[in-house]
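The following paragraphs are intended as a guided reading of a structural model. The reader is invited to keep the sequence and the coordinates in view throughout.

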Amino acid sequence: MADVAETTTVEEVKPKKKEALFSKKNRRILTDPLDGDNPITVQVLGICSALAVTGQMKPSLVMGIAVVFVMVCSSVLTSLLRNTIPSRIRIVVQLAIIATFVILVNELLLAFVYDTAKGLGAFVGLIITNCIVMGRLEAFAMGNKPWPSFLDALGNAMGYAIILLMVAFVRELFGSGTLFGAKIFPDSLSTNGLMLYSSGACIVVGLLIWLQRSINGFREED
Amino acid sequence: MKKDSKAYIIIYTVLITVIAGSLLGMASLGLKDFKDANEKLELQKSILGSFMELPKSTKEIVDTYNKRVKTYVVNAQGEIVKGKEAASINVGEQYSALRTNPRGRDLPIYEVRGEDGTGEVIYYVLPLYGFGLWDVIWAYVAVDAKDMNTVKGVILAQKGETPGLGARISDANIQERYKGKKLYDESGTLQGVVMQRGEHVGESVKYYESDAHKVDGMSGATITGNGVNDMFKEYLKLYDGFIQKKKK
């Protein structure tokens, strides 16, 4: 993480050289978090909500979209303001920015997808404390221009959302026998009650982390 | 001004607060109508859902509700409280006062008439409120106006029960079990409807068909079930005055 931030700060010194919007580096900023640098399975961030809201596909999808919105908006805004933010209170400012967008999202959800918003309950509000959001602001948006910050936020949020949906897929299918509320398994097949609990989610997330890391050959550094 | 000077920091914080605050204030005000409409529709759906199949479109739901349902507020003695609207009563907020001062409560009543909205009242829909395992639960029970005893149907709802276990109370196949049950026994004592332990999958309705006060349980959700039972007996007591009055 630190490497990325450093190299890009260096680049800032020579702003005259115009970089293509989808240069190789920018593409990597976007795609890395989807796979090899995934916030959940590799960085192991944002676990709490990945366990809590993934009982069914629909709330997971809404949650994913909400996180994408919050991350993209707060990253771009933080990046735009980065040269004005006093470093001593930068965390407070980041938090205020995130909180503003989260409350905004919550209001929008309550106004337009009332039922799902009620189902998500406190967890939309808890996006504020999602480590992925603030982690990316602090590690990336504070030191980069708006466009790369946008890509970085989008990539990380999508990486988060994808894992959320994968966990929800397994949990809803085996826990309730449905997907997006539609019956998949016949009633005669008994469902796995463990999948309905967060502990079931913990196992699914654990398996995903194992799968991802063994495919990528990722190792924790000592 | 230097970026790390105290004055700069103070001005910066104040600016951020004011901007964020006014933005959110505006958003909240601007979306208020939508949110209120959602809440109102939710209530109307619950009231109608307790005694009939919901119409498909939102417009039909609102029309049916406006035509067939009339509301008012009664006190514990069953007397109509003038000048209060059923929709404005926060049942949850009043709940904490239940044990200490049940007589001082305002109870919303939803009166349902025939399909053209005229004639005698056919059902009274009574809102109930209580606690499940994790959070509040609530219900709307439609009582037959003829005997003030037979349950036409119920809507059960929850805020934070375990999905797949306690949260099942909001499923139609659980609510179906309450249809046709009786609230009072032959001697006129309030028995309520009691969810039993154990679940008879596939024959839930049939299993307790002969018992007017029992319904099949939800396996793995005993505490939520206890909360529901509490609503159907303890909370229902509040309406006793009203029900006795209507029985006469």
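In this predicted model, a useful starting point is a pair of helices in chain A. Helix α2 (residues 24-31) of chain A packs against helix α9 (residues 146-175) of chain A at an angle of about 30°, and their axes lie 6 Å apart. Angles under 35 degrees count as roughly parallel, and the angle found here therefore makes α2(A) roughly parallel to α9(A). On the side of α2(A), the contact is formed by A:Asn26, A:Ile29, A:Leu30 and A:Thr31, while α9(A) contributes A:Pro148, A:Leu151, A:Asp152, A:Leu154 and A:Gly155. Sorted by class, the residues of this contact between α2(A) and α9(A) comprise five nonpolar, three polar and one charged.

These two helices belong to a chain with ten helices and two strands. Along the sequence, the elements of chain A appear in the pattern α-α-α-α-α-α-α-α-α-β-β-α. The radius of gyration of chain A is 19 Å, close to the 17 Å that the globule rule gives for 222 residues, so chain A is as compact as a globular protein of that length. Taken along the principal axes, the C-alpha atoms of chain A fill a box of roughly 65 × 45 × 30 Å. Of the 222 residues in chain A, 37% are buried. Among the contacts in chain A with a separation of 6 or more, 77% are accounted for by residues 24 or more positions apart.

A single residue illustrates such packing at closer range. A:Ser49 is located in helix α3 (residues 47-52) of chain A. Is A:Ser49 buried or exposed? The threshold for burial is 20 or more other C-beta atoms within 10 Å; A:Ser49 has 22 and is therefore buried. Leaving aside residues up to four places away in sequence, A:Ser49 touches A:Met63, A:Phe123, A:Leu126 and A:Asn130. One of these partners, A:Leu126, is 77 residues from A:Ser49 along the chain, yet the C-alpha atoms of the two are separated by 8.1 Å.

Chain A also meets a second chain. In this interface, 21 residues of chain A are in contact with 24 residues of chain B. Which helix supplies the largest share of the side of chain A that touches chain B? That share, nine residues, comes from helix α5 (residues 90-112) of chain A. The side of chain A that touches chain B has eleven nonpolar, eight polar and two charged residues.

Chain B has its own arrangement of elements, with seven helices and seven strands. Their sequence order follows the pattern α-α-β-α-β-β-β-β-α-β-α-β-α-α. Along the principal axes, the C-alpha atoms of chain B fill a box of roughly 85 × 45 × 40 Å. In chain B, 29% of the 248 residues count as buried. Of the contacts in chain B between residues at least 6 apart in sequence, 52% join residues at least 24 apart.

The strands of chain B lead to a sheet. Strands of a sheet pair through backbone hydrogen bonds, in either the parallel or the antiparallel sense. Chain B contains an open sheet of five strands in the order β1-β2-β3-β4-β5, with antiparallel pairing. Its edge strands are β1 and β5 (151-158) of chain B, each of which pairs on one side only. From one strand to the next, the twist averages 20°. Helix α1 (residues 6-49) of chain B packs on this sheet, where it touches β1, β2, β3, β4 (136-144) and β5 of chain B. The direction of α1(B) makes about 145° with that of β5(B).

Within the sheet, strand β2 (residues 107-113) of chain B merits attention. Five of the seven residues of β2(B) are buried, and the strand is thus mostly covered. Strand β1 (residues 69-74) of chain B runs antiparallel to β2(B) and is joined to it by six bridges. In this pairing, B:Tyr72 has B:Ile109 of β2(B) as its bridge partner. β2(B) also pairs with strand β3 (residues 121-131) of chain B, in the antiparallel sense and over four bridges. Here B:Glu111 stands opposite B:Tyr124 in β3(B), and B:Val112 has B:Tyr123 of β3(B) as its bridge partner.

Key: Residues are numbered from 1 along each chain as its sequence is written. Chains are lettered from A and ligands numbered from 1 in the order in which they are written. This is a predicted model: local features need pLDDT of at least 70, side-chain atom pairs count only at pLDDT 80 or more; totals for chains, interfaces and linings use all residues. Axes are lines fitted to C-alpha atoms, for helices over the stretch in contact, and angles run from 0 to 180 degrees between N-to-C directions. Angles under 35 degrees count as roughly parallel, over 145 as roughly antiparallel, 65 to 115 as roughly perpendicular and the rest as oblique. Two residues are in contact if their C-beta atoms, placed from the backbone, lie within 7 Å. Ala, Val, Leu, Ile, Met, Phe, Trp, Tyr, Cys and Pro count as nonpolar, Asp, Glu, Lys and Arg as charged, and the others, Gly among them, as polar. The radius of gyration is taken over C-alpha atoms; the globule rule is 2.2 Å times the number of residues to the power 0.38. A residue is buried if 20 or more other C-beta atoms lie within 10 Å of its own, exposed if 12 or fewer, and partly exposed in between; C-beta atoms are placed from the backbone. Two strands pair if DSSP finds at least two bridges between them.
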